[in-house]
Amino acid sequence: MVKAIRGTRDLLPSETQLWNKVETTARAVFARYGFGEIRTPIFEATELFVRGVGEETDVVSKEMYTWEDRARAASEKAQQLTLRPENTAGVVRAYIEHKLGESGHLQKLFYIGPQFRRERPQRGRYRQFWQIGAEVLGPQSSGAESPVRDAEVLEMLASLLDELGIKGWRLALNSVGSSSDRPRYVAALRAALQPVKASMCEDCQRRAESNPLRVLDCKVPGDQATIDALPRIAEYLDAESTAHFDQVKAALDACGVGYVVEPRLVRGLDYYTRTTFEFTVPDGSGLGTQNALLGGGRYDGLSEMLGGPKAPGIGFAIGEDRLILTLQAQATEAPAHKLDAYIAPLGVERNAAALALARDLRRQGLSIEVGDGSFRLKKSFEAADSVARHIVILGEDEVADAVATVKAFATGAQVKMANAQLAEYLQGV
Ligand code: HAM
């Protein structure tokens, strides 16, 4: 039997209902903050991620699904293509390609879609997973660099999580400095790593040379004490970056959004500058060790890294799979969603009338299931009770008189009424 690929999943109707609810809430919240939807391709030139996300990151060096496209002509070089591992690089590419900055306005874009990373699958970590993300970027004159934007994005996330009913979330915040602070910090890290790197894991030994910041992402237990003793980015921020970070924190304080500053939060992608953040949920929220619900930050140099104009920006991506797992684990009651009614024709001669009544009710916006006249009444009742709030019984007399017998399962109340009043009755109880 052919099965779904390891790390991929089928989402069945029992689950997609919650997914759709989450997406509807996210869309409504994004609309309140002036975001519009963007849909970028699921595969892009590999170079986009190498340049944007960074060659030394785990995502690019180990986790991408990359292949060589077929060359169109013998003279042409085959192109390297990659299934997108994240969507920020694609959104910034689209921003550059469509010259969105030329309007001079701030661009507020959101997306909902699958991403692909060849990670080791476990609960909350998949090879195809979904992100709900957003990006705010624009030319400098649009105010895209302002700490107001950082705080607004974070406040929006806090409101979205509250509105979705996520309990006990925690916001970890840091500043990784601007492109001018970074070289000083990286130089200090490199120097501090020289005497200790020999005792560290292989990845750290390599990264101590090639990209010392990535050493801070290392999860190997034996390296943690060494990493904790390394210089901290906060000591290398210049006055401007410090003031920027202070303003983000002050705005969050004013909004009443709680946060914890975590000096080691550098995040695993190379494009980040200044503000970086992650929202986590407490143990026991269904995520196991994968407790990062979402992550994001500022990327003031990404557009230029991709050959575009200066376009500072900030954004985030929520792991939708993780959000759903958390909601399921934190739910106190099972979501009981049932259809409005189940129509039970008595005898196959009533099937056509049942379908006609269903058509009429569905056109009035009701959700209806239709049984089959060959079922015994007991079987119809059982089938109806499992999917609908009411059973509508259509016997010979009912069809002749254009009436129906309706029973509400919740109360047990049974009434007979004209078909014309049925829709109003079903909606009311
Ligand atoms: P990221 O931290 O790599 O950031 O991913 C964001 C979120 O996606 C994670 O916090 C997690 O919830 C979810 N996620 C990542 N990998 C997996 C996986 N294998 N299975 C399930 N969920 C996963 C980014 O992707 C950035 N593009 C975010 C951003 C937007 N930064 C600025 N703008």
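**Exercise 1.** Is Lys 62 buried, partly exposed or exposed?

*Solution.* The model is predicted. Start with the value: Lys 62 has 44% relative accessibility. The buried class ends under 20%, and the exposed class begins over 50%. Lys 62 therefore counts as partly exposed.

**Exercise 2.** Find the salt-bridge partner of Asp 203 and place both residues in the chain.

*Solution.* Step one: the partner is Lys 62, with the closest N and O atoms 2.9 Å apart. Step two: Asp 203 lies in helix 7 (residues 202-210), and Lys 62 lies in helix 3 (residues 58-62). The two are 141 residues apart, so the pair links distant parts of the chain. Step three: Asp 203 is partly exposed, because its relative accessibility is 24%.

**Exercise 3.** Work out the helical spacing of Glu 97 and Arg 93, then classify each residue.

*Solution.* Their side chains form a salt bridge at 2.7 Å, N to O. Both residues sit in helix 4 (residues 88-97). They are four residues apart, so about one helical turn separates them. Glu 97 is exposed at 51%. Arg 93 is buried at 19%.

**Exercise 4.** Classify both ends of the salt bridge between Arg 214 and Asp 217.

*Solution.* The N to O distance is 2.4 Å. Arg 214 has a relative accessible area of 2%, so Arg 214 is buried. Asp 217 has 18%, so Asp 217 is buried. Elsewhere, shared partners join Glu 56, Asp 58, Lys 62, Asp 203, Arg 206 and Arg 207 into one salt-bridge network. The whole structure holds 29 salt bridges.

Note on methods:
Residues numbered from 1 in each chain as written. Predicted model: local features only at pLDDT ≥ 70, side-chain atom pairs only at ≥ 80, totals over all residues. Heavy atoms only, no water. Salt bridge = Lys/Arg side-chain N within 4 Å of Asp/Glu carboxyl O. Buried < 20%, exposed > 50% of the residue type's maximum accessible area, 1.4 Å probe, protein only.
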